[in-house]
Amino acid sequence: MTRLWLVRHGPTHAKAMVGWTDLPADLSDTAAIARLSNYLPDAPVVSSDLSRAVATADAIQGERHRLPHDPDLREINFGDWEMSEFKDDPLMRAYWETPGDIAPPNGESWNAVKTRVDRAIDRLIAEGHTDLIVVGHFGQILTQVQRALGISAYDTFGHRISNLSVTVIETAGGFAARKINHLP
């Protein structure tokens, strides 16, 4: 069994769809970061290769072993929608209301994101870690919530994943969510 401690990066304060755009995280709330680090087990830390995840992983790492950054743990690639606000566009509405194979222009569908992240998580689990801290993104974490709960992508989007929160997934005999969006 592997227990995944999925941590969302610190806030970017962007009021837009931030996927592969490499914005920095605001890590000025040192008390929240200390609580988060103290809550997490002594386990290896891996992160997306985007700077907001890397910097958050650096902030909570302490004496924990660090694994190489993994680009497959990136956020959703919003393509032409990167850094835009939600607008009443039929394709954009369909992306969020009927997630699955619909993709933004030059971006990736929910199913593509889920396949990419599942592959990365499966690869990390195969390394045999008992506990593993994975620092990443809203969409990346939600792919594993969907996997653990066995729910639709639409229902998955109903879950809140706050910055600097922890979602705990256990993988014994399948995936099971133990905590979602826990703020230590």
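## Starting from one tyrosine

Is Tyr 39 buried, exposed or partly exposed? In this predicted model, Tyr 39 comes out as partly exposed, at 26% relative accessibility; the cut-off for buried is under 20%. Now for its ring partner.

## Aromatic pairs

Seven aromatic pairs turn up when the whole structure is searched. One of them joins Trp 5 and Tyr 39 edge-to-face, with 5.9 Å from centre to centre and 75 degrees between the planes. Since Trp 5 sits in strand S1 and Tyr 39 in helix H1, this pair ties together parts 34 residues apart in sequence. Unlike Tyr 39, which is partly exposed, Trp 5 is buried, at 11% relative accessible area.

Then there's Phe 78 with Trp 96: the ring centres are 6.0 Å apart and the planes meet at 45 degrees, so this pair counts as tilted. Phe 78 belongs to the loop between H2 and H3, and Trp 96 to helix H3, so here the parts tied together are 18 residues apart in sequence. Phe 78 is buried at 5% relative accessibility, while Trp 96 is partly exposed at 21%. Both belong to a cluster linked by ring pairs, together with Trp 81, Tyr 95, Trp 110 and Phe 157.

## The sheet

Five strands make up an open sheet, ordered S2-S3-S1-S4-S5, with mixed pairing. At the edges you'll find S2 (45–47) and S5 (176–182), each paired on one side only. On average, neighbouring strands are turned by 20 degrees against each other, ignoring direction.

S1 and S4 (residues 166–170) run antiparallel and are joined by five bridges. Val 7 stands opposite Val 166 of S4. Helix H2 (residues 51–61) packs on the sheet and touches S1, S2 and S3, with its direction at about 140 degrees to that of S3.

## Two sides of H1

Back to H1 (residues 30–39), whose buried residues are Ala 32, Ile 33, Leu 36 and Ser 37. These four span an arc of only 130 degrees around the axis, which puts them on the same side of the helix. That fits the usual geometry: an α-helix has 3.6 residues a turn, so residues three or four places apart point the same way.

What covers that buried side? S1, H2 and S4 are among the elements lying over the buried residues of H1. On the face turned away from the buried side, H1 carries the exposed residues Thr 30 and Asn 38.

## Nonpolar cores

The largest nonpolar core counts 27 residues, and Leu 4, Val 46, Leu 73, Leu 132 and Val 134 have the most contacts inside it. At least two residues each come from S1 (3–8), H3 (90–97), H4 (110–126), S3 (131–136) and H5 (138–149). H4 gives the most, with six residues.

Take Leu 73 as an example. Leaving out residues up to four places away in sequence, Leu 73 touches Val 46, Ser 47, Ser 48, Arg 116, Ala 120, Ile 121, Leu 124, Val 134, His 137 and Gln 140. Apart from the largest core lies another one, of 16 residues, including Ile 33, Ala 43, Ala 57 and Val 168. Ile 33 is also one of the buried residues of H1.

Note on methods
Residues are numbered from 1 along each chain as its sequence is written. This is a predicted model: local features need pLDDT of at least 70, side-chain atom pairs count only at pLDDT 80 or more; totals for chains, interfaces and linings use all residues. Side-chain values use heavy atoms; hydrogens and water are left out. A nonpolar core is a set of buried Ala, Val, Leu, Ile, Met, Phe, Trp, Tyr and Cys residues joined through side-chain atoms within 4.5 Å. Buried means under 20% relative accessible area, exposed over 50%, partly exposed in between (1.4 Å probe, protein chains only). Contact means heavy atoms within 4.5 Å. Two strands pair if DSSP finds at least two bridges between them. Axes are lines fitted to C-alpha atoms, for helices over the stretch in contact, and angles run from 0 to 180 degrees between N-to-C directions. The arc is that of the directions from the helix axis to the C-beta atoms. Rings of Phe, Tyr and Trp (its six-membered ring) pair if their centres lie within 6.5 Å; planes under 30 degrees apart count as stacked, over 60 as edge-to-face and the rest as tilted.
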